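The following exercises concern charged side chains and their accessibility. Please work through each task before reading its solution.

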Amino acid sequence: PAVPPRPRLGDNTAAHVGSAGPAVRRSGDMSADNAAADGTVPLRNLLNSVRCVRDRVRDGESKEASEDFNMQHFWDALGQAFKAASQEATRLSLAFSKPPLPSPDGCDQLADSIQKSVLALATVYYWLPKSQGITLRRMVRDATAEVLGGVAQLIEVILSSPLQSLSQEQLTSTGGVWSSCDQFTHLPRDNQMAVLGVLSSCFGVVKDAIEEMEQAQSDSLDPFSDVLDDEGLDSRGNQDTYWSEADRRLLSPCQGLMKASRACLKKLMAAVRGHGRVDTPESIAQLDDIADITKDISPSVDDLALSLYPPMNYAGVQMNAATLASVLRKVLQITRASHVCTESELTWVQFLEGAVDHNMQRVTELTQASV
């Protein structure tokens, strides 16, 4: 469900939000100051409560499974909870955007309403059992915690800002809550889609690393030419900033491992999209295993790529290449044993296993020959 159009902060609606009660005057008399001061107490208590709920969502555990769990009902309820959180953030921000500000009683009612929406959001999140997929649950957890964190930040900004002015920071924080709530529409609806999201993210990082390395090689003999000015280039005369012939020979199998990573992720995405199932606990768990191991590909590719820039430390290159090769072998092993690896998918799994072994053997030969 989409969040409805939001009223603009600072318009006349602010004077009519919630049970604002008696106006707090702009005059600096003691009664106005006391009213404003008393009005912040419910907000401070609310801030502590929202932070507590956010932390429990981040660290808490749901039940393993639920026989009466209904996925469609869950998503409908979660959508309403995200929508309510957005609306409550809007009400709060409008109430403190211009005089007349809420009375202490009005603050109590605002705080109570916001707390109910926060607790409702957390409660619905906890409906989602682990049996529906750890990867899916992590994404829903992160999205829920982001909304709760945004609400906490908005309350904190209101408490720390002059109570009779609408600061840019308050506008930004309100927009941050809206943006977090709008992410609901982009959440994956099952574990298959959640795992595809993980694979796609990893693929993008690996693709960028390969392209950067290829660009560094094609620019010139000096991979640092784009970050050092001409004067520094002329004065260096230091071969530590250039690839030697031996370095370039070693680059080839290392890039082969990086390209095998890209191909693996691309093929795996197609296999999960075409054959991934979420109809049994075993299938869901297999998808989680695929997501967990593939997360190690992109940092391993990054580590190898960084070690390839001159001056090369061959021992470091060999270690990073071995780490990436080990991760890829594990990914291919888990893929081979899963339901997404049909007979038609087995060909590319076997091909990439051979490619990883071949490139790793070449890296070992070249690094040992240079020691």
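Buried means under 20% relative accessible area, exposed over 50%, and partly exposed in between (1.4 Å probe, protein chains only). The model is predicted, so local features need pLDDT of at least 70 and side-chain atom pairs count only at pLDDT 80 or more, while totals for chains, interfaces and linings use all residues. Residues are numbered from 1 along each chain as its sequence is written, and side-chain values use heavy atoms, with hydrogens and water left out.

**Exercise 1.** Determine whether Arg-54 is buried or exposed, and describe its salt bridge with Asp-55.

Solution. Arg-54 has a relative accessible area of 16%, so this residue is buried. Its side chain meets that of Asp-55 in a salt bridge (a side-chain nitrogen of Lys or Arg within 4 Å of a carboxyl oxygen of Asp or Glu). The N to O distance is 3.2 Å. Asp-55, at 32%, is partly exposed. A network of salt bridges links Arg-54, Asp-55 and Arg-58.

**Exercise 2.** Which parts does the pair Arg-51 and Glu-156 tie together?

Solution. The closest N and O atoms of this salt bridge are 3.2 Å apart. Arg-51 lies in helix α1 (residues 30–59) and Glu-156 in helix α4 (residues 134–160), so the pair ties together parts 105 residues apart in sequence. Helices here are DSSP runs (H or I, at least four residues), numbered from the N terminus. Arg-51 is partly exposed at 27% relative accessibility, and Glu-156 is partly exposed at 40%.

**Exercise 3.** How many salt bridges does the structure hold?

Solution. The structure holds 14 salt bridges. One of them joins Arg-277 and Asp-279 at 3.4 Å, N to O.

Technical notes
Helix = DSSP H or I, 4+ residues; strand = E, 2+ residues; numbered from the N terminus.
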